[in-house]
Amino acid sequence: MKKAVYPGSFDPVTLGHLDIIQRAASMFDELIVAVLNNNSKSPLFSVQERVNMLFEVTKDIPNVKVVSFSGLLVDFVEEIDAHIVVRGLRAITDFEYELQMSQTNRLLNSKVDTVFLNTNLKYSYLSSSMVREVAAFGGEITKFVPETIVSKVYDKYGVHKEIDDEQ
Ligand code: PNS
């Protein structure tokens, strides 16, 4: 059984993340979406909120599981008896950081390999930090995050917005 781990901060989950999840889920028997529980990063959403949001947007994909992890990714991967990590690559700007991370992970545990999926071009500009910034100033985020997530992000910033389904 081929099990892969898709780790990230997912603060919040974007349509780009969801696209990677859908594609990775079709490649592996089981995909574990692993949300980093890192207190030092002071995220917008708590780890439980991020897990719940991911759970909601992936509930129709039967081989996807959502969990949180803390500590080193390679330790978590080994703990659940997996050895493949999936990461999305948006642009060349991601490459250096991603390569550094995957090399570090392999040095820490040579059994762990990273597989990169190029992001759908539609979402190649998209990041959670950009979503947070746009939402904080009351900008439109309906094209960036799954429908059920939109109001949750605005709520964090106390932004009251009519959500236009036509957007
Ligand atoms: O969505 P992100 O913030 O780019 O995800 C980064 C993540 C969570 C994959 C990375 O920070 C991570 O794996 N953190 C756990 C700590 C760790 O293992 N660090 C060593 C690898 S650089």
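These are my notebook entries on one helix, one pocket, one cavity and one strand residue of this structure.

**Entry 1, the model.** I kept in mind throughout that this is a predicted model, and I numbered the residues from 1 along the chain as its sequence is written.

**Entry 2, helix α2.** I began with helix α2, which covers residues 47–58, and checked its length: at 1.5 Å a residue, its 12 residues should span 16 Å, and its end C-alpha atoms are indeed 16 Å apart, so the two values agree. I then looked up which residues of α2 are buried, and found Val 47, Arg 50, Val 51, Met 53, Leu 54, Val 57 and Thr 58. These residues cover an arc of only 165° around the axis, and therefore they sit on the same side of α2. When I asked what this buried set packs against, I found α1 (15–25), β2 (30–36), β3 (64–69) and α6 (147–156).

**Entry 3, the largest pocket.** I turned next to the largest pocket, for which I noted a volume of about 1000 Å³. It is lined by 37 residues, of which Pro 7, Gly 8, Ser 9, Arg 87 and Tyr 97 are the closest to its centre. The elements that each give two or more residues to this lining are β1 (3–8), α1, β4 (84–89), α4 (92–108) and α5 (128–136), and I noted that α4 gives the most, with 7 residues. By kind, I found that the lining of the pocket divides into 14 nonpolar, 15 polar and 8 charged residues.

**Entry 4, the cavity.** I also looked for cavities of 30 Å³ or more, and the structure holds 1; the space in the largest cavity comes to about 30 Å³. I listed its lining as Leu 73, Val 85, Arg 87, Glu 98, Met 101, Ser 102, Asn 105 and Thr 114, with β4 and α4 as the elements that give two or more residues to it. Here too I found α4 giving the most, with 4 residues, while the lining as a whole is made up of 3 nonpolar, 3 polar and 2 charged residues.

**Entry 5, Thr 114.** Which strand holds Thr 114, a residue of the cavity lining? I placed Thr 114 in strand β5, which runs over residues 113–118. Its relative accessible area is 18%, and because buried means under 20%, I entered Thr 114 as buried. Leaving aside neighbours within four places in sequence, I found Thr 114 in contact with Val 85, Arg 87 and Ser 102, and I noted that these three partners also appear in the lining of the largest cavity.

Definitions and conventions: This is a predicted model: local features need pLDDT of at least 70, side-chain atom pairs count only at pLDDT 80 or more; totals for chains, interfaces and linings use all residues. Side-chain values use heavy atoms; hydrogens and water are left out. The expected span of a helix is 1.5 Å times one less than its number of residues. Buried means under 20% relative accessible area, exposed over 50%, partly exposed in between (1.4 Å probe, protein chains only). The arc is that of the directions from the helix axis to the C-beta atoms. Contact means heavy atoms within 4.5 Å. On a 1 Å grid over the protein atoms alone, a cavity is a set of points where a 1.4 Å probe fits but cannot get out, and a pocket is an open set with protein on both sides within 12 Å along at least five of seven lines; lining residues have an atom within 4 Å of a point. Grid points are joined across faces, edges and corners, and a volume is the space filled by probe spheres set on the points. Ala, Val, Leu, Ile, Met, Phe, Trp, Tyr, Cys and Pro count as nonpolar, Asp, Glu, Lys and Arg as charged, and the others, Gly among them, as polar.
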